[in-house]
Amino acid sequence: MQAGTENDYKLQLSHITKVFPGVKALDDVTINVRRGKVHSIVGENGAGKSTMMKILDGIYHADGGEVLIDGKEVEIRNPKMAASLGIAMIHQELAFCPNMTIEENFVLNKQPLIKGTRFIDWKRVTRETKAILEEEGIPYSPKTLLKDISISDIQLLEIIKATSANAQIIIMDEPTSSLTQHETARLFDKIRALREKGYTILYISHKMDEIFELSDDITVMRDGRSVKTMRADEVTRDELISLMVGRTISDVYPTRESKIGDIYFEAKNLSCGKLYQDISFNVRQGEIVGLAGLVGAGRTEIVRAISGLDPCDSGEVYINGSKIDFSSVSRAIDNGIMMVTEDRRKYGFAPLASIKDNIVVASLKRCSRWGFVQDKKMDQEVVYYFDRMRIKAPGMDTQLYALSGGNQQKVVFAKWLMAGPRLLILDEPTRGIDIGAKYEIYKIMNELIEEGISIIMISSELPELLGMCDRIYVVCEGRIQGEVARDEFNQEVIMNYATGGE
């Protein structure tokens, strides 16, 4: 990328360094961001992207280097100071008060007061919020509670809140991770509109299609360093991936020799109200079976019932031809059925607990004798799965919140592998993790299959299902619409089933 003048740049990060105990998170990072452009920051989990953005948002303070806005050096000691400099950050995990109204959220920490008093001017707040909502074409009342609107609408409101507060630099961290295809398209339209108005967007995503669709410029980070900044139209997908991971990934999906056995698991006529009806399918030993479908089709609800998380109205489940009780999580686990949930942060791990405690939590029985945990046995097993999953961390006492998304997901995998699954259910197992970590997860899945473990995989990324599965069942509006074998895999056929076609 050719060098520009200082007048071209809205934001400049110069030789930024950040050190945490035991790790250098940022090492001499330099990034120049052009005014009124979408500038994507890409890299593997743990590359330093989020740390860099938190420095810009005032959550962290850099140990060295300079931040310049419009060519002038600034100091950002806290989020309030960042906001005063025109910086706003839309976090991946939206933090909001569900019982707060839209108007209350809009004026949080900046409530206007009635002149000469210490009372909030709510009439003005309502009037100004209503005007903003009407201008943006958002069909809500200022009095609507946040809990009553969708995540995508809350995200859009956060962007509007930022721009109405005169933010000129908007940071978006994995903004589409919880959005449907339609919601993503709407967000992209909003981002393009902001760019047209001269706003500068810093965009973080692991999705290559998004990066190339939206970006003007791309900066690659790796191991806490800024590797290279390029114009988006001057780099290919393969070149970008190689820069991110520091090596060439010859194939996104590792090959394996499938040795599929007899039917191991079978669901018959599972039904639950309007969520899903008459669900029947099977999984053979050593087979990866995919569940495809649009968001809301009922895929997650089906596997939550199978794993004992939610009840169903009727239906039966068989293991090796024998009917089993799957009415609770503990009974499902006793029968070897275990699930890696879609929302790992909410259901998958305890963020303030250590890696060791998170891995062992589902296996305390097998590490105990006469009701007492055998520390030596527990430590040996935890070390084995820590090493097997290739978890990157200073040590097993590291708290989960401090790990990258990919390593958090590996800990969740380790927890269930230590518990000894025979049928492992993976709901969106690679969501929010980088392409290098995805490849490692895929290799682990192949290793499990070679050991004779069966896998049910849900993914909203159709290429992922096509690349990893032996068969795919397609769910549409709570029913299985079709079954596709590997030698018949075709995106158009699957999407036809997913939309109700025959």
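Reader: Which residues are exposed on the other side of helix 6?

Author: In this predicted model, Gln181, His182 and Glu196 are exposed there. The opposite category in helix 6 comprises Glu183, Thr184, Leu187, Phe188, Lys190, Ile191, Leu194 and Arg195, which are buried. Viewed down the axis of helix 6, the buried residues lie within an arc of 160°, so they line one face of the helix.

Reader: Why do residues three or four places apart in an α-helix point the same way?

Author: An α-helix has 3.6 residues a turn, so residues at that spacing point the same way. Helix 6 covers residues 181-196. From its first C-alpha to its last, helix 6 reaches 23 Å, close to the 22 Å expected at 1.5 Å a residue. Just after helix 6, Gly198 adopts a positive phi of about 100°.

Reader: Against which elements do the buried residues of helix 6 pack?

Author: Their partners are strand 3 (38-42), strand 7 (169-173) and strand 8 (200-204), together with helix 4 (122-136), helix 5 (151-164) and helix 7 (208-214).

Reader: How do the strands of a sheet pair, and what is the strand order in the open sheet of six strands?

Author: Strands of a sheet pair through backbone hydrogen bonds, in a parallel or an antiparallel manner. The open sheet here has the order 16-19-20-13-21-22, and its pairing is mixed. Strand 16 (337-340) and strand 22 (479-485) are the edge strands, each pairing on one side only. From one strand to the next, the twist averages 20°. Strand 21 (residues 471-476) runs antiparallel to strand 22 and is joined to it by six bridges; one of the bridge pairs is Cys476 with Arg479.

Reader: Which strands does helix 14 touch, and which does helix 15 lie across?

Author: Helix 14 (residues 405-418) packs on the sheet and touches strand 16 and strand 19 (423-427). The direction of helix 14 makes about 175° with that of strand 16. Helix 15 (residues 435-450) lies across strand 13 (288-292), strand 19 and strand 20 (454-458), at about 145° to strand 20.

Reader: Which strands form a hairpin with three residues between them?

Author: These are strand 11 and strand 12, and Gly273 in the turn has a positive phi of about 50°. Strand 11 (residues 263-272) pairs with strand 12 (residues 276-284) in the antiparallel sense over six bridges, and Ala267 has Phe281 as its bridge partner.

Reader: Is Arg34 buried or exposed?

Author: Arg34, found in strand 2 (residues 23-34), has a relative accessible area of 16% and is therefore buried. The side chain of Arg34 makes a polar contact of 2.9 Å with the side chain of Asp217.

Technical notes:
Residues numbered from 1 in each chain as written. Predicted model: local features only at pLDDT ≥ 70, side-chain atom pairs only at ≥ 80, totals over all residues. Heavy atoms only, no water. Pairing = 2+ DSSP bridges. Helix = DSSP H or I, 4+ residues; strand = E, 2+ residues; numbered from the N terminus. Axes fitted to C-alpha atoms, helices over the stretch in contact; angles between N-to-C directions. Contact = heavy atoms within 4.5 Å. Buried < 20%, exposed > 50% of the residue type's maximum accessible area, 1.4 Å probe, protein only. Polar contact = N/O pair within 3.5 Å; in protein donor to acceptor, adjacent residues only side chain to side chain. Expected span 1.5 Å × (residues − 1). Arc of directions from axis to C-beta.
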